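Subject: Structure handover

Dear colleague,

I am passing on the structure below, together with notes on what was found in it. Please read them with the model open.

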Amino acid sequence: MTKIIGLTGGIASGKSTVSNLLRLSGYPIIDADQITRQLQAAHSKGWEQLITVFGKQILNPDQTLNRQALGALVFNDQEKLDKLNMVMQPLICDEIWRQIKHYQKQHIPYVILDIPLLFEANYANDCDLVIVVVVDRQTQLQRLMQRNGYSQFEAEQRINSQMSLAKKKRLADIVIDNSGNRDELKRQVANLIDQMHHHKL
């Protein structure tokens, strides 16, 4: 019986680091961001549908999708964001389930669903367990400003546009706190991996 473990967090919370540590320990990761990029590759079905909805303003000169332009277009515009989700979510969902079924057929004990919008897109309902990576607000702001070159206002805008980490924390089965240093994070993930290794989750 394959257990589906949902992994989520907020922007700049450290979810990707946790995901990579689990991957390095041999656990299969179904990465929604990676799937999205594949589904938006030039001349793919998703790419064609996005151009139909948003026009060629979302393309780079080489015809690849300009993800920054698309992101800026839908950010703070609920109607455009709804259109984007209407195009992409069914494609993403189909691919996620295709991969889950692949691992189920192999009787893999655990599969990790790495999805930023795990709760918002209702994937949490299909998970046996949900892990949320949290971080204190000030650390999150600093990391986001350093990583993306945002001003404090821009960083706060991005954080405020997401479901709050406090709410995600309340919905979690397991919370990994990444407010400290990398060694502390690794220790928490090692503890999690140990439980998975002994099938205690």
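Ile29 has Ile112, in β3, as its bridge partner. Please keep in mind that this is a predicted model.

The sheet

The pairing of Ile29 belongs to a wider contact: β2 and β3 (residues 110-114) run parallel and are joined by three bridges. They are part of an open sheet of five strands, ordered β2-β3-β1-β4-β5, with parallel pairing. β2 (29-31) and β5 (174-177) are the edge strands, each of them pairing on one side only. On average, neighbouring strands of this sheet are turned by 20 degrees against each other, with direction ignored.

Two helices that lie across strands of the sheet are worth a look. Helix α1 (residues 15-24) lies across β1 (3-9), β2, β3, β4 (129-134) and β5, and runs at about 150 degrees to β1. Helix α2 (residues 32-39) lies across β2 and β3, and its angle to β2 is about 50 degrees.

Helix α6

Does the length of α6 agree or disagree with what its residue count predicts? Helix α6 covers residues 137-148, and its twelve residues, at 1.5 Å a residue, should span 16 Å. The C-alpha atoms at its ends are 16 Å apart, so the two values agree.

At the N-terminal end, α6 is capped by Asp136, which has a side-chain oxygen 3.2 Å from the backbone nitrogen of Gln138. After the helix comes Gly149, with a positive phi near 70 degrees. Within α6, the buried residues are Thr139, Gln140, Leu141 and Leu144. Among the elements that cover these buried residues are α7 (152-160) and α8 (165-171).

Asn178

One loop residue also deserves a note. Asn178 sits in the loop between β5 and α9 (182-197). Is Asn178 buried or exposed? Its relative accessibility is 7%, and buried means under 20%, so Asn178 counts as buried.

The side chain of Asn178 makes a polar contact with the backbone oxygen of Ser13, at 2.9 Å. Leaving out residues up to four places away in sequence, Asn178 touches Ser13, Gly14, Val133, Val134, Val135, Arg143 and Leu185. Of these, Val133 and Val134 fall within β4 (129-134), and Arg143 falls within α6 (residues 137-148).

Regards

Technical notes:
Residues are numbered from 1 along each chain as its sequence is written. This is a predicted model: local features need pLDDT of at least 70, side-chain atom pairs count only at pLDDT 80 or more; totals for chains, interfaces and linings use all residues. Side-chain values use heavy atoms; hydrogens and water are left out. Helices (H or I, at least four residues) and strands (E, at least two) are DSSP runs, numbered from the N terminus. The expected span of a helix is 1.5 Å times one less than its number of residues. Buried means under 20% relative accessible area, exposed over 50%, partly exposed in between (1.4 Å probe, protein chains only). Contact means heavy atoms within 4.5 Å. A polar contact is a pair of N or O atoms within 3.5 Å; within protein, one must be able to donate a hydrogen and the other to accept it, and residues adjacent in sequence count only if both atoms are side-chain atoms. Two strands pair if DSSP finds at least two bridges between them. Axes are lines fitted to C-alpha atoms, for helices over the stretch in contact, and angles run from 0 to 180 degrees between N-to-C directions.
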